[in-house]
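Open the model in your viewer and keep the sequence panel beside it. The stops below each give a selection to make and say what is found there.

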Amino acid sequence: MTDVDCVLTDCGMYYDKTGDVMKKFHTRDGMGVTLLRKNMIPTIIVTKEKTVMVRKWAKNMKIFRIFDGIQDKEQILIKICNTLNVKPEQIAYIGDDINDIGLLNKVGFSTVPKNAIDEAKKIANYVCKTEGGHGVLREVADLILTTQGLNVNFTKK
């Protein structure tokens, strides 16, 4: 599972002349989603924001599920566990800020970008070498796949 702002994006919010929000996503994160999916590991987005941009990116990347507009992120964990038939300790989550701390504390593998807030870094199992918006999900995907002895080569079955 992953947050969006400052994890998949660079923390910037770009506005066009009509006031629509644009966000920059890193291509490597898309490949991270693909590698996870090819190894039967679904990617789920949990974000407090509700934007068309995120929904479009999620659809293009074939994200398993998106939970947007979620204010209390840790409350969604039981629903996700029931949907996937897993326990919280079998879930990894990438978050970066105060509203992610509850969820970071409840999952089995909590990760944060290099530029996460200090409170999140203190409780995380892993602090990425990468800053938000620069391939954090890909770094975590590679770590999960390698640690589990799964396929990190896109071309092999």
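The tour of this predicted model goes from the whole chain to its strands, then to single residues and the cysteines.

**The whole chain**

Start with everything selected, drawn as a cartoon. The protein chain has 6 helices and 7 strands. Followed from the N terminus, the elements come in the order β-β-α-β-α-β-α-β-α-β-α-β-α. Along the principal axes, the C-alpha atoms fill a box of roughly 45 × 35 × 30 Å. The radius of gyration is 15 Å, and a compact globule of 157 residues would have one near 15 Å, so the chain agrees with that expectation. Now colour by accessibility: buried residues are 44% of the 157 residues. Of the contacts with a separation of 6 or more, 45% are between residues 24 or more positions apart.

**β3 and β4**

Select residues 44-47, which are β3, and show the side chains. Which residues point one way from β3, and which the other way? I44 and V46 point one way, I45 and T47 point the other way, and all are buried. In a regular strand, side chains alternate between the two faces of the sheet.

Add residues 65-68, strand β4. The pairing of β3 with β4 is parallel and runs over 4 bridges. To find one point of register, look at T47, which stands opposite D68 in β4. Then add residues 52-60, helix α2; together with β3 and β4, this helix makes a right-handed β-α-β unit.

**Two loop residues**

Select N39, in the loop between α1 (27-38) and β3. Is N39 buried or exposed? Its relative accessible area is 16%, so N39 counts as buried. With neighbours within four places in sequence left aside, N39 is in contact with L145, L150 and N151.

Next select M61, in the loop between α2 and β4. M61 has a relative accessibility of 23% and therefore counts as partly exposed; the cut-off for buried is under 20%. What does M61 touch, not counting residues up to four places away in sequence? The residues are G30, V33 and R37. For a distance check, draw a line between the C-alpha atoms of M61 and P42: they are 11 Å apart in space and 19 residues apart along the chain.

**The sheet β5-β6-β7**

Clear the selection and pick residues 92-94 for β5, 109-112 for β6 and 126-127 for β7. These 3 strands form an open sheet in the order β5-β6-β7, with parallel pairing. The edge strands are β5 and β7, each pairing on one side only. Strands of a sheet pair through backbone hydrogen bonds.

Take the β5 side of the sheet. Strands β5 and β6 run parallel and are joined by 3 bridges. A92 stands opposite F109 in β6, and the chain gets from β5 to β6 by a right-handed β-α-β crossover through helix α4 (residues 101-106). Y93 has S110 as its bridge partner in β6.

Move to the other side. Between β6 and β7 there are 2 bridges, again in the parallel sense. V112 has V127 in β7 as its bridge partner. The connecting helix to show is α5 (residues 118-123), which makes a right-handed β-α-β unit with β6 and β7.

Finally, add residues 136-147, helix α6. Helix α6 lies across β5, β6 and β7 and runs at about 160° to β5.

**The cysteines**

Select C6, C11, C81 and C128 and show their sulfur atoms. How many disulfides are there? The count is 1. The disulfide is formed by C6 and C11, whose sulfur atoms are 2.1 Å apart. C6 is buried, at 17% relative accessibility, whereas C11 is partly exposed, at 38%.

Why is C128 not bonded to C11? The closest cysteine sulfur to that of C128 is the one in C11, but at 13 Å it is too far for a bond. A disulfide here needs sulfur atoms within 2.5 Å. C128 is buried, at 3% relative accessibility. C81 also counts as buried, at 8%.

How values were computed
Residues numbered from 1 in each chain as written. Predicted model: local features only at pLDDT ≥ 70, side-chain atom pairs only at ≥ 80, totals over all residues. Heavy atoms only, no water. Buried < 20%, exposed > 50% of the residue type's maximum accessible area, 1.4 Å probe, protein only. Contact = heavy atoms within 4.5 Å. Pairing = 2+ DSSP bridges. Axes fitted to C-alpha atoms, helices over the stretch in contact; angles between N-to-C directions. Right-handed = clockwise from strand over helix to strand, strands pointing away. Rg over C-alpha atoms; globule rule 2.2 N^0.38 Å.
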